[in-house]
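The following paragraphs offer a guided reading of one protein chain. The reader is invited to keep the sequence and the structure in view while following each step.

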Amino acid sequence: MNVKTLALAAAAAAVATSSQAADLPVAAEPVDYVQACDAFGAGFFKLPGKDTCIKLGGRIRAQVVSGNLSADKGDRDDKNKSNDGDEYDAYAKGYLYFTSMTNSEIGTIKTYTELTAKWSDDTTDEEIEAGDVYLQLGTNYGSFLVGRTASLFDSFTGYTYIGPVDTDLSDDSALQVQFTADLGNGVTASVAAQDSTYRSGEENAADLLGALQVSQGWGSFKLAGVLHDRAGHDDYGYGVGATAVFNLDMLKEGTEVTFQAQYADEAGKYIDVTDADATGYSLAAGFQTSLTDTVSTQLDMSYLALDDDNDSTRFAVNGSVAYAPVAGLVFAVAAGWEQADADNVKATDISKVGARVQYTF
């Protein structure tokens, strides 16, 4: 083999080696797959390879509430002990919250899903349910929402942990389509069409709602109205409500007070009345404040008056004390009392106590 042959062989080997080297996989540089999405707030992180940021959260709650401690046990027999102090209601409930946020060419897309699992002492099996589930599109001129979430009519739903007795506060999520316009300076205007059946209205029909709200450093004020499609009737009922929230941090951090008035004409579900065709009004107030860095107290009260044959009235009050030793963990005890009265009907008194432990993450 001469020199020329050796040179050609070496050149061929070099070309082959370079070609094979080019085909070898290149080691990828390490990638940080958990990237925080600070633009959407704490807890959001970016999905690898996506423009979507997600947030996972949840809550575990266990509570017990006594029966009626005011029950006259001398008038009951042992076979019918319902609603007396020997009875109690208890449950354990888990919540899972899933939120996604995506910036897109048409605006910010938000999705929210709430799943719950509950076991009660008075049921034979567990309850697996969906809570609020909706999609919201935020644009420069407002936000569109479709899905199930709190009714536009609802505002104040109480400060008290547990709420041993029922207060007459409108609080019922509904399947709906909603639009909210930002008018600037903390002022928003909203309209919505929601499924009437959530308030015992006509099937395959919608209630029409509107609200105007202002939010400032001192608190907020909301005025809301609804046109209710009554089941089995050709006419409509209606409701109006006003809610004022005052931030009193200047007195003590964590202090807040709320006042609310709601009126319903043949739309009883909007004042938390079983009779969907009821007419009447509900007045409510609430207060919460911090006693120490870890202890807080809450108070709610409501007064309901119905324009019916018996001129029914109902007053209820709940109070609680909560201890939060670490972020998310709360131990609470509460007590409540209610009195219902009506013409030609004996007044009823109910008093209950309860306790709850809850962790939110």
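Gln176 is buried in this predicted model, because its relative accessible area is 3% and a residue counts as buried when that value is under 20%. The residue belongs to strand E8, which spans residues 174–184. What does the side chain of Gln176 reach? One partner is the backbone oxygen of Thr149, at 3.1 Å. Another is the backbone oxygen of Ala174, at 3.2 Å. Leaving aside residues up to four places away in sequence, Gln176 touches Leu145, Val146, Gly147, Thr149, Ala150 and Ser151, together with Ala192, Ala193 and Gln194. Thr149 therefore appears both among the residues that Gln176 touches and, through its backbone oxygen, as a partner of the side chain, whereas Gln176 itself is buried at 3%.

The next topic is the pairing of charged side chains. The structure holds seven salt bridges. In one of them, Arg314 pairs with Asp168, and the closest N and O atoms are 2.8 Å apart. This pair connects distant parts of the chain: Arg314 is in strand E16 (residues 313–323), Asp168 is in the loop between strand E7 (142–149) and E8, and the two are 146 residues apart. Are these two partners buried or exposed? Both Arg314 and Asp168 are buried.

Arg314 also takes part in a salt bridge with Glu338, with a distance of 3.0 Å from N to O. Glu338 lies in strand E17 (residues 329–342) and Arg314 in strand E16, so this pair ties together parts that are 24 residues apart in sequence. Glu338 counts as buried because its relative accessibility is 11%. Arg314, with a relative accessible area of 14%, is buried as well.

A further salt bridge joins Glu266 and Arg230, whose closest N and O atoms are 3.1 Å apart. Here, too, distant parts of the chain are linked: Glu266 is in the loop between strand E13 (256–265) and strand E14 (280–290), while Arg230 is in the loop between strand E11 (219–229) and strand E12 (236–247), with their positions 36 residues apart in the numbering. Why are the two partners described by different words? Glu266 counts as partly exposed because its relative accessibility is 24%, whereas Arg230 counts as buried because its value is 5%. The cut-off explains the wording, because buried means under 20% and exposed means over 50%, with partly exposed in between. Glu266 and Arg230 also belong to a network of salt bridges that includes Asp235 and Asp277.

Attention now turns to the spaces in the structure. The largest pocket holds about 1500 Å³ of space. It is lined by 41 residues, of which Arg61, Thr157, Ile162, Asp171 and Arg356 are the closest to its centre. Several strands each supply at least two residues of this lining: strand E3 (52–66), strand E4 (88–104), strand E5 (107–120), strand E6 (127–139) and strand E18 (345–360). How many residues of each class make up the lining of the largest pocket? There are 17 charged residues, twelve polar ones and twelve nonpolar ones.

The second largest pocket has a volume of about 350 Å³. Its lining consists of 18 residues, and those closest to its centre are Leu152, Gln178, Ser190, Gln213 and Lys222. E6, E7, E8, strand E9 (187–195) and strand E10 (206–216) each contribute at least two residues to this lining. The largest share, three residues, comes from E10. By class, the lining of the second largest pocket divides into nine polar, six nonpolar and three charged residues.

The structure also holds one cavity of 30 Å³ or more. About 30 Å³ of space lies in this largest cavity. Which residues line the largest cavity? They are Phe153, Ser155, Lys222, Leu223, Ala224, Gly241, Ala242, Thr243, Gln260 and Gln262. E11, E12 and E13 each supply at least two residues of the lining. The residues around the largest cavity comprise five polar, four nonpolar and one charged. Lys222 is listed in the lining of the largest cavity, and Lys222 is also one of the residues closest to the centre of the second largest pocket.

Key. Residues numbered from 1 in each chain as written. Predicted model: local features only at pLDDT ≥ 70, side-chain atom pairs only at ≥ 80, totals over all residues. Heavy atoms only, no water. Helix = DSSP H or I, 4+ residues; strand = E, 2+ residues; numbered from the N terminus. Buried < 20%, exposed > 50% of the residue type's maximum accessible area, 1.4 Å probe, protein only. Polar contact = N/O pair within 3.5 Å; in protein donor to acceptor, adjacent residues only side chain to side chain. Contact = heavy atoms within 4.5 Å. Salt bridge = Lys/Arg side-chain N within 4 Å of Asp/Glu carboxyl O. 1 Å grid on protein atoms, 1.4 Å probe; cavity = no way out; pocket = protein on both sides within 12 Å on 5 of 7 lines; lining within 4 Å. Points joined across faces, edges and corners; volume = space filled by probe spheres on them. Nonpolar A, V, L, I, M, F, W, Y, C, P; charged D, E, K, R; others polar.
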